[in-house]
Amino acid sequence: MDAKSLQQLLKHETKSKACPFAHTDAHENNKRQVGFDPVAQRVSTTGKYAWKAPNLEAGDKRGPCPGLNALANHGYIPHNGIAPATTLMQALGEAYGMALDLATFLAVYGTVFNGDALSLTPGYSIGGPANIGLLGGVLS
């Protein structure tokens, strides 16, 4: 290593022991800004959203998706686990911060392939077949 390269290396080492490029001006201008505010974006699990165990004997449905089960257990979607697509879209956004386009896609996908897409209130059951809407789950 020549003297010029050694001087350059030592100059960078004094800026940061971990990474020679960690504190360059270019890096400081390109830092990611975190858009999460835990106070403003708090998800409620108290009051009307307090956890309540499913009553499977009374017909409450639960399925393989822990996220949807949590929404039902906390009342973001009907506690019985059978919900219209619009309710699912709203709950996914409110509880998980999911973008409307993704929530819409997932709710429509679930409704078409596992629910009653041809009903006046299209939706589906998170725990399997359920008699919902006018047609009772034509495609499931």
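Here are some informal notes on this predicted model, going from the overall fold to the pocket and then to a few surface residues.

1. **Overall layout.** The protein chain has 5 helices and 3 strands. Follow the sequence and you get the order α-α-α-β-α-α-β-β. Of its 140 residues, 27% count as buried.

2. **The largest pocket.** If you go looking for open space, the largest pocket has a volume of about 180 Å³. Its lining is made up of Pro-64, Cys-65, Gly-67, Leu-68, Leu-92, Tyr-96, Met-98, Leu-106, Ala-107, Tyr-124 and Ile-126.

3. **Who supplies that lining, and what is it like?** Three helices each give at least two residues to the lining of the largest pocket: helix 3 (66–73), helix 4 (85–96) and helix 5 (100–114). In character, the lining residues split into 10 nonpolar, 1 polar and no charged. The polar one is Gly-67, because Gly is counted as polar here.

4. **A nonpolar patch on the surface.** Have a look at Leu-102, Phe-105, Leu-106, Tyr-109 and Phe-113, which form a nonpolar patch on the surface. Together they have about 520 Å² of accessible area. Leu-106 turns up twice in these notes, since it belongs to the patch and also lines the largest pocket.

5. **Leu-102, buried or exposed?** The answer is in between: Leu-102 is partly exposed, because its relative accessible area is 40%, and the partly exposed class lies between 20% and 50%. This leucine sits in helix 5 and is one of the patch residues from the previous point.

6. **Leu-56.** This leucine lies in the loop between helix 2 (25–29) and helix 3. Leu-56 has a relative accessibility of 53%, so it counts as exposed, the cut-off being over 50%. Its C-alpha atom is 8.6 Å from that of Asn-80, although the two residues are 24 apart along the chain.

7. **Gly-97.** You'll find Gly-97 in the loop between helix 4 and helix 5. With 60% relative accessibility, Gly-97 also counts as exposed. Which residue is paired with Gly-97 across 56 positions of the chain? That is Gln-41, with 8.4 Å between the two C-alpha atoms. On the sequence, Gly-97 falls between Tyr-96 and Met-98, and both of those line the largest pocket.

Notes. Residues are numbered from 1 along each chain as its sequence is written. This is a predicted model: local features need pLDDT of at least 70, side-chain atom pairs count only at pLDDT 80 or more; totals for chains, interfaces and linings use all residues. Side-chain values use heavy atoms; hydrogens and water are left out. On a 1 Å grid over the protein atoms alone, a cavity is a set of points where a 1.4 Å probe fits but cannot get out, and a pocket is an open set with protein on both sides within 12 Å along at least five of seven lines; lining residues have an atom within 4 Å of a point. Grid points are joined across faces, edges and corners, and a volume is the space filled by probe spheres set on the points. Helices (H or I, at least four residues) and strands (E, at least two) are DSSP runs, numbered from the N terminus. Patches are made of residues with over 30% relative accessible area and no salt bridge: like charges are joined within 9 Å, nonpolar side chains (Val, Leu, Ile, Met, Phe, Trp, Tyr) within 5 Å. Accessible areas come from the Shrake-Rupley method with a 1.4 Å probe; for residues, only the protein chains shown count as cover. A salt bridge is a side-chain nitrogen of Lys or Arg within 4 Å of a carboxyl oxygen of Asp or Glu. Buried means under 20% relative accessible area, exposed over 50%, partly exposed in between (1.4 Å probe, protein chains only).
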